[in-house]
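Please open the structure in your viewer and keep the selection panel at hand. The tour below proceeds stop by stop, stating what to select and what is found there.

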Amino acid sequence: MENVDGQVAVITGGASGIGFGFARSFGAAGMKLMLGDIEAAALATAEADLSSAGYDVETFVVDVTDAAAVDAFADATYSRFGAAHLICNNAGVVERHEAWGSLEDWKWVIDVDLWGVIHGVHSFVPRMREAGAPGHIVNTASTAGILGFPGISSYVAAKHAVVGLSQSLFHEFAMENSPLGVSVLCPGVVDTNINSSTRNRPGVDPATVDGKMFTGWTEVLTPEQVAEIVLAAVQAKQFWILPHEHYGEQALANAEGRVAKADPVMPQVRR
Ligand SMILES: NC(=O)c1ccc[n+]([C@@H]2O[C@H](COP(=O)([O-])OP(=O)(O)OC[C@H]3O[C@@H](n4cnc5c(N)ncnc54)[C@H](O)[C@@H]3O)[C@@H](O)[C@H]2O)c1
C-alpha cells in the first residue's frame, strides 16, 4: 500500500497510546481516520484533537471482545467512508499474573488481545477482499509475541497467537495474489497508558487504577516514533515490525535454542 493519501485507516484502541499515535501520523499523511475504542470519553477527546488538526475523523465506541460490536464498527466505517484500506487491530490490555494464576485474568486478556484481533480480521478482511483494492492489516502484538516474558503469561500467550495468525494471514494473501498485505507490530516499551489497562476491565472502577509507566527505562519509545515506523513498513509492505531491534536479536537466539535443544532465552529489557 504505497499511496496512503486519501485512504481510510481504521484503528482499534485509537483513543490512547500507540493507537492515538497512529491516528496522528496517519492523519498527517492525508489518511481519513476511523477510531474505535471502549473508552467513550477518551475517544471524544481524541476526536476533538484530531478534528482541530484538520483531519477527517469519525469515532465509534466498540468493545473488541464482542464480535457483533466489531461487525457494527465495520458497518459504520463503510457507511461513513465507503471503504477501509488500513486496518490496525491494536486495542490491547495487560494483567500481571503467573501461568497458574486466575482464570478470570487469563480470559479477559485473551478476549481483548487475541479475540479482538480475530474479530477485526473477521469483520474487515472479507469486505476488503471483495473490494479488490490494495489494503493492509497491522496487528499489534508485542515483543511478548516473540519471547516468553515471565509474570504476564496470558499476555505472552495472546501475543504469540497474534504473531502466528498474522503469519498465516500473510501466506493466505500471498497464495491468492491478493492486493492486501499484513504486518505484525512487536514493540518493546512504549510510553502509553498500558500499565493502567485494568481501567477498562469489566467491573473495575477506573478511579482506583494507578498504572505508572516505565519512567527512565532507556528503551522507551513514544507512540509517534512507533507510528512513523509502522507507516513506513505499511508502505513498504514489510511484515515484521520490530521498533526495538535488540528484541529481534534475542528472538533469534531463542529460535536457535530450539534447534540446539537449549532452554528458552530470558528476555532482557533495557531499563
Ligand atoms: N505500551 C507498550 O509498552 C506496548 C508494548 C508492546 C505492545 N503494546 C500493545 O500496543 C497496543 C496498544 O496499547 P497501548 O500501549 O497504546 O496502551 P493504551 O492503554 O494507551 O491504549 C490501549 C487502548 O485500547 C483500548 N481498549 C482496551 N480494551 C478495549 C476493548 N475491549 N475494546 C476496545 N478498545 C479497548 C483502551 O481504551 C485504550 O484506548 C496493545 O495491543 C498493547 O498490547 C504496547
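**First stop: a β-α-β unit**

Select β2, helix α2 (residues 40–52) and β3, which together make a right-handed β-α-β unit. Right-handed here has a precise sense: with the strands pointing away from the viewer, the path from the first strand over the helix to the second runs clockwise. Helices (H or I, at least four residues) and strands (E, at least two) are DSSP runs, numbered from the N terminus. Residues are numbered from 1 along each chain as its sequence is written. Please note that this is a predicted model, in which local features need pLDDT of at least 70 and side-chain atom pairs count only at pLDDT 80 or more, whereas totals for chains, interfaces and linings use all residues.

**Second stop: strand β2 and its neighbours**

Now select residues 32–37, which form strand β2. Is this strand mostly covered or uncovered? It is mostly covered, since six of its six residues are buried; buried denotes 20 or more other C-beta atoms within 10 Å of the residue's own, with C-beta atoms placed from the backbone. Lys32, Met34 and Gly36 point one way from β2, while Leu33, Leu35 and Asp37 point the other way.

Add strand β1 (residues 8–12), which pairs with β2 in the parallel sense over five bridges. Two strands pair if DSSP finds at least two bridges between them. Within this pair, Val10 stands opposite Met34 of β2. From β1 the chain crosses through α1 to β2, and this β-α-β crossover is also right-handed.

Next, add strand β3 (residues 57–61), which pairs with β2 in the parallel sense, again over five bridges. Here Met34 stands opposite Glu58 in β3.

**Third stop: the whole sheet**

Select every strand. Seven strands form an open sheet in the order β3-β2-β1-β4-β5-β6-β7, with parallel pairing. The edge strands are β3 and β7 (240–241), each of which pairs on one side only. Strands of a sheet pair through backbone hydrogen bonds, either parallel or antiparallel.

Then isolate strand β4 (residues 86–89), which four bridges join to β5 in parallel. Ile87 has Ile137 in β5 as its bridge partner.

**Fourth stop: Asn139**

Select Asn139, which lies in strand β5 (residues 135–140). Why is Asn139 classed as it is? Asn139 is buried because 26 other C-beta atoms lie within 10 Å. Leaving aside residues up to four places away in sequence, Asn139 touches Asn89, Val117, Val162, Ser166, Val184 and Leu185; contact requires C-beta atoms, placed from the backbone, within 7 Å.

**Fifth stop: the ligand**

Select the ligand and the 30 residues that surround it, of which the closest are Gly13, Ser16, Gly17, Gly92 and Thr192. A residue belongs here if its C-beta atom, placed from the backbone, lies within 6 Å of the molecule. Helix α1 (residues 17–28) supplies the largest share of this shell, three residues.

**Last stop: the whole chain**

Finally, display the entire protein chain, which comes to seven helices and seven strands. Along the sequence they follow the pattern β-α-β-α-β-α-β-α-β-α-β-α-β-α. Of the 271 residues, 43% count as buried. The C-alpha atoms fill a box of roughly 50 × 45 × 35 Å, taken along the principal axes.

Conventions. Buried ≥ 20, exposed ≤ 12 C-beta atoms within 10 Å, placed from the backbone. Contact = placed C-beta atoms within 7 Å.
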